[in-house]
Amino acid sequence: DFESYLQRCQQLPVTVLTDHQDLSNTELKTIMNSTVPKEYRIRAKLRTYKPQKLHQSVKLHCSKCKSLQEVPDGDDFDFILKDSAATAPNPELHDTSWYDSVMWSTQDQKQRKIAIHFVRHDEMLQQPEDTLVMIEGGTLKEVWKLTKRFKCVIPVKSTQDDLELLDLSAPFLLQGNVKYYGCKQCSTPKPIKNLSSIAAEERPSWEPTEIAQALGIELLQYVFIMKFTLVDGKGALNVYLFDY
């Protein structure tokens, strides 16, 4: 894997990191004193790299405010879901002109109220693999079960007038095994009913960018970030990797 490769690079006496066959080798001290941008072919050893664990390299990036943040773990999401489950679904928000609703109580001691809203298209439900559903009162386990069957899942909670998104510390959308987050600073969440305009399209695609736009969410992108220190005996160079 990549971590093992990096560790082997640290052990080798010399490592070719950039392969421009048409260029002669350039010492790192020369590069440090040069203007950019230019292309170089170097021979250097990898002295250090950060972070040490590869999964720590994945961050969330906002292209609007340029902020970087850690990817929340599952425990954070689970806590937000449990907190939102304390508010019972509002039956007056069920079975609207653009979604059908089903509600039931769990058989455990807490007897949670769970509501699932199935978005319709042309007055009909689409195939599960094309359908967006919204869930209220569900646990993390129940949400993940829905993602295995339906195209998109949005965790929501009831207000007096409409369904709304949870705290943006939680993903506002789940698609397969991917969680989509919104920027707290740049987002201005809109009512869930704004999704009805997508449902009315000829062929609703339920793409994350389209959903985010309809809900007033500035979509955060997953980025890969690492820092390397290269040495060649004549100088040292810090290299930063930032990529989508």
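These legends walk through several views of one predicted protein model. Residues are counted from 1 along each chain in the order its sequence is written. Because the model is predicted, local features need pLDDT of at least 70 and side-chain atom pairs count only at pLDDT 80 or more, while totals for chains, interfaces and linings use all residues; side-chain values use heavy atoms, with hydrogens and water left out.

**View 1. The whole chain, with its 6 helices and 14 strands.** Helices here are DSSP runs of H or I with at least four residues, strands are runs of E with at least two, and both are numbered from the N terminus. The radius of gyration is 24 Å, well over the 18 Å that the globule rule gives for 244 residues, so the chain is more spread out than a compact globule. (That radius is taken over C-alpha atoms, and the rule is 2.2 Å times the number of residues to the power 0.38.) Along the principal axes, the C-alpha atoms fill a box of roughly 75 × 45 × 30 Å. Buried residues make up 41% of the 244; buried means under 20% relative accessible area, exposed means over 50%, and partly exposed is in between, using a 1.4 Å probe and protein chains only. Take the contacts between residues at least 6 apart in sequence: 54% of them join residues at least 24 apart, where a contact means heavy atoms within 4.5 Å.

**View 2. Strand β6 (residues 113-121), tucked in.** Of the 9 residues in β6, 8 are buried, so the strand is largely enclosed by the rest of the structure. Strand β5 (residues 99-105) runs antiparallel to β6, joined by 7 bridges. Two strands count as a pair if DSSP finds at least two bridges between them. Look for Tyr99, whose bridge partner in β6 is Val119.

**View 3. The hairpin of β6 and β7.** Just 2 residues sit between these strands in the hairpin, and Asp122 in the turn has a positive phi of about 55°. Strand β7 (residues 124-125) is antiparallel to β6, with 2 bridges joining them. Arg120 has Leu125 in β7 as its bridge partner.

**View 4. Strand β8 (residues 132-136), covered on both faces.** All 5 of its 5 residues are buried. In a regular strand, side chains alternate between the two faces of the sheet. In β8, Leu132, Met134 and Glu136 lie on one side, Val133 and Ile135 lie on the other, and all are buried.

**View 5. The neighbours of β8.** With β6, strand β8 runs antiparallel, joined by 4 bridges. Ile116 stands opposite Ile135 in β8, and Ala115 has Glu136 as its bridge partner there. With strand β9 (residues 152-158), β8 pairs in the parallel sense over 4 bridges. Here Leu132 is matched with its bridge partner Cys152 in β9.

**View 6. His55, out in a loop.** You'll find His55 in the loop between β2 (43-50) and β3 (58-61). His55 is exposed, with a relative accessible area of 59%. Val71 is 16 residues away from His55 along the chain, and their C-alpha atoms are separated by 9.9 Å.
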